[in-house]
Amino acid sequence: MVLFTMTVTALVAGPHMPRWGDLAHALAGSALVIAGAIALNQRIERRTDALMRRTASRPLPSGRMTTRQAARFGLVASTLGLAYLAATTPWTLVGLTLVSWVVYVWVYTPMKVFSAWQTPLGALAGAMPTLMGAAVAGHPGGLMAMGLFGVVYFWQFPHAMAIAWLYRNEFAAANLKVATVVDPSGRVAAVLAVIGATLLLPLGLLPWLAGAASLAYGVASLLLGLGYLASSIDFLRRTDDIRARRLLRVSLVYLPAVFVAVLWAARM
């Protein structure tokens, strides 16, 4: 999903499509950095992962890999990825990738055991690939790039809150400060889901308002956003596993559908 959102943004953020070779270099280097970041994330979270059934089978808690191996792989992959990007892509992309790596590995990951603010901070790293893709196109500060950044950022709130509810007991056992652990009633999580889905409505329309996508895209984005908001409101009205799972499924449809729609509208 990270590389998908990065690719689509690279293809639609500027007035012209980037060269395929430039995009390939950007994706290759970014993939290495992402792999390294995930390995370091699991290295840091190995003890809490062992306490949760959903993560206990990962390489470190299951004993298939040592902490030293994970740290070595994470650092080598991250370093090689950044070096490759520095040699083949604009420095703007290198800087954005480094910022995303730092936020994910050294801010979001350690904060999980201290504060529920880890969700909005982690969402920054999750949305950064849109700006990275726009950097490939040479327009990281354009309206299209910022709109898609906002879409991915706020999309994560309903998505993350659904997961937080479904696995609330496991998160509590691992002492992770997600919204459903801080507030076991689920009210805070549901409100955050509705806020995120509400803000997605105008942000999803930005590509159309900017004149970079057709009215058909605007209609598709609005309908998808209303469906996501309706599912979030349903989760707020009655916070239970059925509605959380439904919201999670809707979230997995919403994001790729919006990005496919903007790609189709902008380039087809």
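**Salt bridges and helix packing**

Let's start with R58: its relative accessibility is 26%, so it counts as partly exposed. Bear in mind as we go that this is a predicted model. What does R58 meet in a salt bridge? The partner is D49, and the two side chains come to 3.2 Å, N to O. D49 has a relative accessibility of just 1%, so it counts as buried. The cut-off here is 20%, with anything under that called buried and anything over 50% called exposed, which means that R58 sits in the middle band. As for the pairing itself, side chains of opposite charge can pair when their charged atoms come close.

Now move to R53, whose side chain meets that of E170 in a salt bridge at 4.0 Å, N to O. R53 is in the loop between α3 and α4, while E170 belongs to helix α8 (residues 168–173), so this pair ties together parts that lie 117 residues apart in sequence. The two ends of this bridge sit in contrasting surroundings: R53 is exposed, with a relative accessible area of 74%, whereas E170 is buried at 14%.

Further along the chain, D234 and R243 form a salt bridge, with their closest N and O atoms 3.5 Å apart. R243 has 18% relative accessibility, so it counts as buried. Both belong to a network of salt bridges that also takes in R238, D240 and R246. Across the model, the count comes to 9 salt bridges.

On to the helices, with α2 as the next stop. Its 25 residues (20–44) should span 36 Å at 1.5 Å a residue, and because its end C-alpha atoms are 36 Å apart, the expectation and the model agree. Which helices do the buried residues of α2 pack against? They pack against α1 (2–12), α3 (46–50), α4 (67–88), α5 (91–111) and α6 (118–137). Among those buried residues are L23, A26, G29, S30, V33, A37 and L40. It helps to recall that an α-helix has 3.6 residues a turn, so residues three or four places apart point the same way.

Finally, look at α6 again, this time beside helix α7 (residues 143–166). Their axes come within 8 Å and cross at roughly 145 degrees, and the crossing is right-handed. On the α6 side the contact includes P120, A123, L124, A127, L131 and A134, and on the α7 side it includes M146, F149, V152, Y153, F157 and M161. By class, this contact has 16 nonpolar residues, 5 polar ones and no charged ones.

Definitions and conventions
Residues numbered from 1 in each chain as written. Predicted model: local features only at pLDDT ≥ 70, side-chain atom pairs only at ≥ 80, totals over all residues. Heavy atoms only, no water. Helix = DSSP H or I, 4+ residues; strand = E, 2+ residues; numbered from the N terminus. Expected span 1.5 Å × (residues − 1). Buried < 20%, exposed > 50% of the residue type's maximum accessible area, 1.4 Å probe, protein only. Contact = heavy atoms within 4.5 Å. Axes fitted to C-alpha atoms, helices over the stretch in contact; angles between N-to-C directions. Left-handed = near helix turned anticlockwise from the far one by under 90°. Nonpolar A, V, L, I, M, F, W, Y, C, P; charged D, E, K, R; others polar.
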